[in-house]
Amino acid sequence: MAEITKEDVIKFIENMTVLELSELVKELEERFGVTAAAPVAVAAAVPAGAAPAEAAPAEEEKTEFTVVLTGVGDKKIQVIKEIRAITNLGLKEAKELVENVPSTVKEGISKEEAEEIAKKLQEAGATVEIK
């Protein structure tokens, strides 16, 4: 039986889609009881002796946002249609996303795109949160 090397693992990960990689990370977190939130903590870390005012600009420079559907409202069908248009999900997947609120619509997007998606969903009658 051939031994799997680190290089084999890296090549395998390089060929994964973002969604597959995200699912892999979640599964590893669950299996080993850890979280992969270290990069966020590093970005938020303030050097010793730095004034609190210096930390504020780092938080304001957030470049990736997540749109979370928190409520559907009366126009469930309209919300499902918007979710399908935004995410390219199939009808079944979009319906499941809408029925299982709160649920993430899109993550790792620009502020402008997040605001545009939120506006479309709110016009369809949904309640949305941008994180």
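This is a short tour of some salt bridges in a predicted model. The structure holds 6 salt bridges, and we will visit a few of them.

**Stop one: helix 2**

Start by selecting helix 2, residues 18-32. Now show the side chains of Arg31 and Glu27, which form a salt bridge. If you click on their closest N and O atoms, you should find them 3.6 Å apart. Both residues belong to this helix and sit 4 residues apart, about one turn. Turn on the surface if you like: Arg31 is exposed, at 62% relative accessible area, whereas Glu27 is partly exposed, at 45%.

**Stop two: helix 6**

Next, move along to Glu99 in helix 6, which covers residues 91-99. Which residue of helix 6 lies 4 residues from Glu99, about one turn of the helix? Select Lys95. The two form a salt bridge, with the closest N and O atoms 3.1 Å apart. Lys95 is partly exposed, with a relative accessible area of 40%, and Glu99 is also partly exposed, at 40%.

**Stop three: across to helix 5**

Keep Glu99 on screen and add Lys76. Their side chains meet in a salt bridge, 2.9 Å from N to O. This pair links distant parts of the chain, since Lys76 lies in helix 5 (residues 76-87) and Glu99 in helix 6, 23 residues apart. Lys76 is partly exposed, with a relative accessible area of 34%.

**Last view**

Finally, display Lys76, Lys95 and Glu99 together: they are linked in a network of salt bridges. Glu99 pairs with Lys95 and with Lys76, so centre your view on Glu99 to follow both contacts.

Methods: Residues are numbered from 1 along each chain as its sequence is written. This is a predicted model: local features need pLDDT of at least 70, side-chain atom pairs count only at pLDDT 80 or more; totals for chains, interfaces and linings use all residues. Side-chain values use heavy atoms; hydrogens and water are left out. A salt bridge is a side-chain nitrogen of Lys or Arg within 4 Å of a carboxyl oxygen of Asp or Glu. Helices (H or I, at least four residues) and strands (E, at least two) are DSSP runs, numbered from the N terminus. Buried means under 20% relative accessible area, exposed over 50%, partly exposed in between (1.4 Å probe, protein chains only).
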